[in-house]
Amino acid sequence: MKDMKKRLNLTCWNCHETFELTLDITNQPLFSRECSHCNAQCIIDLNPYRQPISEVLRGREIDLEKEKLILPEQIPTIKPNEEESS
Ligand SMILES: [Zn+2]
C-alpha cells in the first residue's frame, strides 16, 4: 500500500491564519491538529473532498484507492465539539 502524503494549506477556524501540514491521508479523512499560530485545536475533515473514481475494476482484486481527493487551495478547519459533556 502506498502512502498518500499530502501537503495541505489549512485555515484556522480561530485566528484565520493559514498553516501548512503534510498529512498521510491514506486511510483517514479526519484529523485533529493544533494551529501553529494560536494553538487552537483544529479538526480537518476531508470527507467533503472525496470523489469516487468510476473505473471498471480489472480482475478480482479490489483496489481500495479508487477514490481521489479534490482539495481546494485553502482548506477550512472546524472547531472541535467540546460541549457534549454539559
Ligand atoms: Zn489559529
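Biologist: What share of the contacts with a separation of 6 or more comes from residues 24 or more positions apart?
Modeller: In this predicted model, such residues account for 37% of those contacts. A contact here requires C-beta atoms within 7 Å.

Biologist: What makes L8 a residue in contact with others away from its neighbours in sequence?
Modeller: Its partners beyond four places in sequence are E20, L21, L23, L71 and I75. Each pair counts as a contact because the two C-beta atoms lie within 7 Å.

Biologist: Which residues make up the largest nonpolar core?
Modeller: L8 is one of its five members; the others are L10, C12, C35 and C42. They belong to a core because each is a buried residue of a nonpolar kind, joined to the set through C-beta atoms within 7 Å. Buried residues make up 8% of the 86 residues in the protein.

Biologist: Why is L30 called buried or exposed?
Modeller: L30 has 11 C-beta neighbours inside 10 Å. The cut-off for exposed is 12 or fewer, so L30 counts as exposed. This residue lies in strand β3, and its C-alpha atom is separated by 7.2 Å from that of I43, 13 residues apart along the chain.

Biologist: What makes strand β3 lie largely in the open?
Modeller: β3 covers residues 30–34, and the number buried among its five residues is zero, so the strand lies largely in the open. To be buried, a residue needs 20 or more other C-beta atoms within 10 Å.

Biologist: How do you know that β3 and β4 pair?
Modeller: Five bridges join them, and a pair needs at least two, so β3 and β4 pair. The two strands run antiparallel, with β4 at residues 41–45. F31 stands opposite I44 in β4. Six residues lie between the strands of this hairpin, and N39 in the turn has a positive phi of about 65°.

Biologist: Why does β1 count as paired with β7?
Modeller: Two bridges link β1 and β7 in the parallel sense. The cut-off is at least two, so the pairing counts. T11 stands opposite P76 in β7.

Biologist: What makes the pairing in the sheet β2-β1-β7 mixed?
Modeller: β1, residues 5–11, pairs with β2 in the antiparallel sense over seven bridges, whereas β1 and β7 pair in the parallel sense. K6 has L23 in β2 as its bridge partner. The hairpin of β1 and β2 has six residues between the strands, and H16 there takes a positive phi near 65°.

Biologist: Which strands stand at the edges of this open sheet, and why?
Modeller: The three strands are in the order β2-β1-β7. β2 (18–24) and β7 (75–76) each have a single partner strand, so one side of each is left without a neighbour in the sheet.

Biologist: Why is D24 called buried or exposed?
Modeller: D24, in strand β2, has 11 other C-beta atoms within 10 Å. With the limit at 12 or fewer, D24 is therefore exposed. Its C-alpha atom is 5.3 Å from that of M4, though the two are 20 residues apart in sequence.

Biologist: How many helices and strands does the protein have?
Modeller: There are zero helices and seven strands.

Biologist: Which strands have the lowest and the highest mean pLDDT?
Modeller: Strand β6, residues 67–69, has the lowest at 77, and β7 the highest at 96. The protein averages 83, and 77% of the residues score at least 70. Where pLDDT is low, the predicted coordinates should not be read in detail.

Conventions:
Residues are numbered from 1 along each chain as its sequence is written. This is a predicted model: local features need pLDDT of at least 70, side-chain atom pairs count only at pLDDT 80 or more; totals for chains, interfaces and linings use all residues. Helices (H or I, at least four residues) and strands (E, at least two) are DSSP runs, numbered from the N terminus. pLDDT is the predictor's confidence in each residue, from 0 to 100.
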